[in-house]
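This report goes through the strand pairings, the helix packing and a few local features of one structure. The sequence and the structure come before the report itself.

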Amino acid sequence: MKFRTLGKNGPRVSALGLGCMGMSDFYGAHDDAQSIATIHRALDLGVTLFDTSDMYGPHTNEILVGKAIAGRRDEVFLATKFGIMRDPANSAARGVNGRPEYVRACCDASLKRLGLEHIDLYYQHRVDPKVPIEDTVGAMSELVRQGKVRYLGLSEASVATLERAHAVHPIAALQSEYSLWTRDPEPQGQLAACARLGIAFVPYSPLGRGFLTGAIQTPEDFAADDVRRSHPRFQGENFAKNLALVAQVKKLAAKKNCTPAQLALAWVLARGEHIIPIPGTRRIAALEENLGALEVKLGAEERADIDAFFPQDAATGARYQREMMPLLEG
């Protein structure tokens, strides 16, 4: 396993983590036994960074991950999140809460579900526009002083918010969607800001929600209850246009003698030593394939070729459905 530093003078974690969301939610049917076996295999292969959230399930993913890592706590750097509220009556509706009392209550509830005495990395999942970030991070910093949390992070925050938060308490990591087809953190400045401030950048969905693997060929490849069916990039003409981009990834991967997933992850890893992607999977075979990306080295000419056919604005369609886009800071 290769390792990278999480933030300035932070802990060393595996250069690829494991996103656990899809083990419990959003991507169709799931099997807890299969997911636990995948987490155990990840631990055996040296993965240390595992990512969950209280809103996955909701709540059930934290319970699953807690069960999977029981007895192996010293091998795990566990990240979870708070802040997104789900409406049981409307699966598309989301709320955001960054009030200090909510921060404290969520942390205690997550600790109980996970069966842990402390959380290694605690993220605000989305920024609450109605609560000053100083108030939210101030409450999060109290959790650090109490020993309930070790490091703090933000997710999908703007550079301005990140800088304000970092002034209150050191932010160890910023998590945002980032991949060949979601390059917003480049023009918006988060990638550079993290490097400047000594903050790790943790890309979620570094495989474009599975699209960049080349395994998805039609919208019918998704289960009927898979949330990706509602994402604009996977609909109509957008799907066909984006599939043409993936064909180029597959062509270059074949030339490189690696899989499309490995090429896509190698590209993300090559964007900076402060970048620690967390591809998600429920399957051991996909986990092992993803970890193979750590052995794929892209030269300057190869990176230029990728940028030529997959520039910043290449993907067609918004990355979330309309209801979710306002939760993202730019």
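## The β6-β7 hairpin

Arg-86 stands opposite Arg-94 of β7. The two strands concerned are β6, residues 84-87, and β7, residues 90-96, and they pair in the antiparallel sense over four bridges. Two residues make up the hairpin connection from β6 to β7. The model is a predicted one, and what follows should be read with that in mind.

## The seven-stranded sheet

An open sheet is formed by seven strands, and its pairing is parallel. The order across the sheet is β3-β4-β5-β8-β9-β10-β11. At the edges stand β3 (18-19) and β11 (200-204); each has a single partner strand, so one side of each is left without a neighbour in the sheet.

Inside this order, β5 (residues 77-82) and β8 (residues 119-124) run parallel and are joined by four bridges. In that pairing, Ala-79 is placed opposite Leu-121 of β8. In a regular strand, side chains alternate between the two faces of the sheet.

A helix also lies against this part of the structure. Helix α5, residues 159-168, lies across β9 (149-155) and β10 (171-177), and runs at about 160° to β10.

## Packing of α7 with α10

Two packed helices are described by the angle between their axes and by the distance between the axes. For α7 (residues 236-256) and α10 (residues 300-309), the axes come within 10 Å and cross at roughly 165°. An angle over 145 degrees counts as roughly antiparallel, and α7 and α10 are therefore roughly antiparallel to each other. The crossing in which α7 passes α10 is right-handed.

On the α7 side, the contact is made by Leu-245, Gln-248, Val-249, Leu-252 and Lys-256, and on the α10 side by Glu-302, Ile-306 and Phe-309. Sorted by class, this contact of α7 with α10 has five nonpolar residues, one polar residue and two charged residues.

Leu-243 is also in helix α7. Its C-alpha lies 13 Å from that of Phe-309, and the two residues are 66 apart in sequence. With neighbours within four places in sequence left aside, Leu-243 is in contact with Phe-211, Ile-216 and Gln-217.

## Packing of α1 with α9

Helix α1 (residues 32-44) packs with helix α9 (residues 284-291) at an angle of about 30°, and their axes are 9 Å apart. Angles under 35 degrees count as roughly parallel, and α1 and α9 are therefore roughly parallel to each other. Their crossing is right-handed.

From α1, the residues that make the contact are Ala-37, Thr-38, Arg-41 and Ala-42; from α9, they are Ile-284, Leu-287 and Glu-288. By class, the residues of the α1 contact with α9 divide into four nonpolar, one polar and two charged.

## Aromatic pairs

The structure holds 10 aromatic pairs. One of them is formed by Tyr-178 and Phe-201, with 5.7 Å from centre to centre and 90° between the planes, an edge-to-face arrangement. This pair links distant parts of the chain: Tyr-178 is in the loop between β10 and α6 (190-197), Phe-201 is in strand β11, and 23 residues separate them. Strand β11 is also one of the two edge strands of the open sheet.

## Backbone details

Which two residues are joined by a cis peptide bond? They are Gly-57 and Pro-58, and omega is about -5°. Pro-58 is found in the loop between β4 (49-51) and α2 (60-69).

Asn-9 has a phi near 60°, a positive value in a residue other than glycine. Asn-9 is placed in the loop between β1 (3-5) and β2 (12-14).

Methods
Residues numbered from 1 in each chain as written. Predicted model: local features only at pLDDT ≥ 70, side-chain atom pairs only at ≥ 80, totals over all residues. Heavy atoms only, no water. Pairing = 2+ DSSP bridges. Contact = heavy atoms within 4.5 Å. Axes fitted to C-alpha atoms, helices over the stretch in contact; angles between N-to-C directions. Parallel < 35°, antiparallel > 145°, perpendicular 65-115°, else oblique. Left-handed = near helix turned anticlockwise from the far one by under 90°. Nonpolar A, V, L, I, M, F, W, Y, C, P; charged D, E, K, R; others polar. Phe/Tyr/Trp six-rings, centres within 6.5 Å; stacked < 30°, edge-to-face > 60°.
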